[in-house]
Amino acid sequence: MAEFLELESQDGVRMPWNVIPGTKQESSNCVVPVSAIYSPIRPLPNITLLPYSPLRCRTCRSVLNPFAIVDFAAKIWICPFCFQRNHFPPNYASISDDNLPAELFPHYTTIEYAQDSQIDQSPPPQPPLVFMFVIDSCLIEEEMGFLKSSLSQAFDLLPDNSLVGLITFGTLVHVHELGFAQIPKTYVFRGNKDVSKDQLLEHMSFFAKKPKPAGVIAGARDGLSAESISRFLLPKAECEFAFNSILEELQKDPWGVPTDQRATRCTSTALSIAASLLGACVPGSGARIMAFIGGPSTEGSGAIVSKNLSEPIRSHKDLDKDSAPLYHKAVKFYEGLSKQLVHQGHVLDLFACALDQIVPYGRKLFGVAYVVVMGNVLIIFSPLGIFEINCSKDIKVQGIIGPCASLEKKGPLCSDTVIGQGNTTAWKMCGLDKATSLCLIFEVVKKESPDATIQSTSNQFYFQFLTYYQHYSGQMRLRVTTLSRRWVAGPGSIQDLVAGFDQEAAAVVMARQVSFKMETEAEFDPIRWLDKALIHLCSRFGDFQKESPSSFSLSPRLSIFPQFMFNLRRSQFVQVFNNSPDETAYFRMILNRENVANSVVMIQPSLISFSFHSGPEPALLDVAAIAADRILLLDSYFTMVIFHGATIAQWRKAGYHNQPEHQAFAHLLQAPRDEADSIIKERFPVPRLVICDQHGSQARFLLAKLNPSATYNSDGPLPGGDVIFTDDVSFEVFLDHLQRLAVQ
């Protein structure tokens, strides 16, 4: 595993197959697709910035890289992707074996370019970031107070030149004119009526002083005056007083709510107005709509539930039976909104929080989450990115599963089979940060099995990933990552494939695939699909005698993969019971953008044991890990659980940790809290912290994640003194069935 982490630290890439099956048939037999999980702007320790434009192949437009074949005498380089012979320009005239440009250094497989005009001179002024705050006023008074406090604190973290806008909504939508400082001035729109961009501009008097121009209206260059834009989007330094004054005076929505009804909340209309306003004023800029929502939308085209409290909000079962009356209309609206935002290059951040369901310190969760994202925005936020792929002719691109949208750049590299955002080799990313990861899925199209002589001379597949993005310094940069992976085919290839198998990356690719299929395929059975894939993988790469389950064994390179699949089958990505559709969508969205390390924690949580007998140590994710004199810390990414054994809980309730002679016990209680705090500080979104005792009701957060090796109907003594009341099979039974099916 260490070599895969080293590759990730060098290029930001993890691949399930680091030795690639060389033919289409071999690839389909391998079950896990040829794929890569790539973090486009992950900070890399030794990355080099070149102060000139990249040299490109004249045929396939790939960038000069260490895998190109160079003829120093003729000053020619041969592209490894299309084999085109390209002449070096005059500024490369002095290159030789001893005088290589940086892009040809063997270890510079990832490199960045900036235009020389941006390096030699002072960097150009950074275009201002734009923040449109959309605030729900249907909150209870206590939540409103915490939100206002957090917003005023976080407002100070914005750059002074960033543009700020403000919209509040409840029954009606209020667009606040921050540029009119004398008195509060607001434009009000009905929450149950859709407003087009043209109607919005007309109602908000954008053309009061000059006639409306013909054609598309898009910012100060196309139709709008800077003066009219600055009424609603103002630099932070100029609107700080007006913004804080409106926040201080903001009250709960004044329209009365009958006791048997939900609040009238026109979320969809407010978001539509925010998107249209940004699209008219600052299209193509780094703009974010930051919406703070306190409940479900009940008014407008995007309403998801009726106002009548007797009608519950839709569940997964309602969606399966097509018995959610507002569902299809809401989906149509939000799909249209997402396409509009992608076209404009803008991002929607949704902050939704039920404070009554957060543990005691969670009252600050609104503020913590918001401050963390503001920190991310200031340090590593790239407003807009474009991502392109180039690869060898025997590889085609099926698509990307991740936070991006197709630019519909079709070509010979596009596969007929589409997964995720496919049928293109270029994608747009409206919001990009250092943690953003894309899952790229490829198809091997070579059909014949090559003979040994050809295989020995040209057995490399090449991939090149190009990311255009705006660095936080204001420079436009191009990051180029070029990879080479050996391919193998034929009877002796299995050992080579196993040697290059990264089981963590493979588990994450399978998780993203199964999540995508559950979202897009109506009759898809995820458990059957995962089981079938695992059985085929074990049948192909396992070592066994036919019809003899006891003889079955897996290489250490594959031995943890069945465990990942067992936990993935039980995870919130596959088992949607007891989660709302909103929670499931949230879990899958985070999975589809996080890197391998974080995604593995979501699939198979980590468990750390604290006791008097030893320091913190990893524990098996099994009910046998529970002991009366032990504290367990579970990290499942979305939830952190501190679990006290029965004896530890009794001592804590007796107050022993407050007595001077029991300082060791106090330190033992504090150690998991410190560890949990250090993880929570580094993670966004902020995980929920659950502190519970053995046999307590909150212990379910831990028990739901543990392998049920001891259940209510188990025979024999219990290893950890606890049982799980479930009919789920344990990992041992799962593995036993897997072995029997794999050897058939």
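Two strands are said to pair if DSSP finds at least two bridges between them. Strands (E, at least two residues) and helices (H or I, at least four) are DSSP runs, numbered from the N terminus. The structure is a predicted model, in which local features need pLDDT of at least 70 and side-chain atom pairs count only at pLDDT 80 or more, while totals for chains, interfaces and linings use all residues. Residues are numbered from 1 along each chain as its sequence is written, and side-chain values use heavy atoms, with hydrogens and water left out.

An open sheet of 4 strands, with antiparallel pairing, follows the order S1-S3-S20-S17. Strand S1 (13–14) and strand S17 (395–401) each have a single partner strand and stand at the edges, so one side of each lacks a neighbour in the sheet. S17 and S20 run antiparallel and are joined by 6 bridges; Gly-399 stands opposite Ile-441 in S20. Helix H14 (residues 503–520) packs on this sheet and touches S1, strand S3 (35–38), S17 and S20, contact meaning heavy atoms within 4.5 Å. The direction of H14 makes about 95° with that of S3; axes are lines fitted to C-alpha atoms, for helices over the stretch in contact, and angles run from 0 to 180 degrees between N-to-C directions.

The loop between strand S19 (426–429) and strand S20 (438–444) contains Asp-433. Asp-433 has a relative accessible area of 17% and is therefore buried (under 20%; exposed is over 50% and partly exposed in between, with a 1.4 Å probe and protein chains only). Its side chain reaches the backbone nitrogen of Ala-435 at 2.8 Å. The side chains of Asp-433 and Arg-593 are joined by a polar contact of 2.9 Å (a pair of N or O atoms within 3.5 Å; within protein, one must be able to donate a hydrogen and the other to accept it, and residues adjacent in sequence count only if both atoms are side-chain atoms).

Elsewhere, strand S14 (residues 287–293) pairs with S15 in the parallel sense over 6 bridges, and Ile-289 stands opposite Leu-348 in S15. In a regular strand the side chains alternate between the two faces of the sheet. Along S15 (residues 347–352), Val-347, Asp-349 and Phe-351 point to one face and are buried, whereas Leu-348, Leu-350 and Ala-352 point to the other and are not.

Finally, the axes of helix H4 (residues 141–155) and helix H7 (residues 236–249) come within 11 Å and cross at roughly 170°.
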